[in-house]
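Student: I would be grateful for a close look at one part of this protein. Could you take me through a single pair of packed helices and then place the pair in its surroundings?

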Amino acid sequence: MPQSDDEGLGSLEARLAREDPRFARALGAGRPTRPREYRRTGAWWLLAGAVAVLVTGIVVADGLLIAAGLVLTGIAGQLFDPQRPRTGRRCPPRR
């Protein structure tokens, strides 16, 4: 038996509120914010710090700083992926 539109919308609303409560509250207030997948402020700060460490390592000619800068740059690059899995949360089964 097919679901009614109200049931489908209700389940979608509940899942959205569970996954990203900040976005759901803002959407309900009529002023939507970016979804969690597109909030990347922390990634930009990490990337800026990583590049600073990398440049400092190149200027000082210190291999350990260069290696740390490269590793941090790689970590920051991974944070820009919108499809990265969130740790500590279980994915709901797909239907």
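Tutor: The answer below examines one pair of helices, then the loop that joins them, and lastly the rest of the chain.

It should be said at the outset that this is a predicted model. The protein contains four helices and zero strands, and its elements follow the order α-α-α-α from the N terminus. The part chosen here is the pair formed by helix α3, residues 41–60, and helix α4, residues 63–79.

Consider the geometry of this pair. The axes of α3 and α4 come within 8 Å and cross at roughly 160 degrees. Angles over 145 degrees count as roughly antiparallel, and α3 and α4 are therefore roughly antiparallel to each other. The crossing of these two helices is left-handed.

Next, consider which residues form the contact. On the side of α3, the participants include Leu-46, Leu-47, Ala-50, Val-53, Leu-54 and Ile-58. On the side of α4, they include Leu-65, Ile-66, Leu-72, Ile-75, Ala-76 and Leu-79. Thr-56 and Gly-57 in α3 also take part, as do Gly-69 and Thr-73 in α4. Sorted by class, the contact between α3 and α4 has 16 nonpolar residues, four polar residues and no charged residues.

The loop between α3 and α4 holds Ala-61. The phi angle of Ala-61 is near 60 degrees, which is a positive value in a residue other than glycine. Ala-61 has a relative accessible area of 64%. Exposed means over 50%, so Ala-61 is exposed.

The other described pair may be set beside this one. Helix α1, residues 5–19, and helix α2, residues 21–29, pack at an angle of about 125 degrees, with their axes 5 Å apart. That angle makes α1 oblique to α2. Here Leu-16, Ala-17, Arg-18 and Glu-19 in α1 meet Pro-21, Phe-23, Ala-24 and Leu-27 in α2. The residues of this contact divide into six nonpolar, no polar and two charged.

Finally, some values describe the protein as a whole. Of its 95 residues, 11% are buried. The exposed area is about 7,900 Å², and carbon and sulfur atoms supply 61% of that area. Among contacts with a separation of 6 or more, 38% are between residues 24 or more positions apart.

To return to the part requested, α3 and α4 are roughly antiparallel, their contact has no charged residues, and the exposed Ala-61 lies in the loop between them.

Technical notes. Residues are numbered from 1 along each chain as its sequence is written. This is a predicted model: local features need pLDDT of at least 70, side-chain atom pairs count only at pLDDT 80 or more; totals for chains, interfaces and linings use all residues. Side-chain values use heavy atoms; hydrogens and water are left out. Axes are lines fitted to C-alpha atoms, for helices over the stretch in contact, and angles run from 0 to 180 degrees between N-to-C directions. Angles under 35 degrees count as roughly parallel, over 145 as roughly antiparallel, 65 to 115 as roughly perpendicular and the rest as oblique. Contact means heavy atoms within 4.5 Å. Ala, Val, Leu, Ile, Met, Phe, Trp, Tyr, Cys and Pro count as nonpolar, Asp, Glu, Lys and Arg as charged, and the others, Gly among them, as polar. A crossing is left-handed if the near helix is turned anticlockwise from the far one by less than a right angle, and right-handed if clockwise. Buried means under 20% relative accessible area, exposed over 50%, partly exposed in between (1.4 Å probe, protein chains only). Accessible areas come from the Shrake-Rupley method with a 1.4 Å probe; for residues, only the protein chains shown count as cover.
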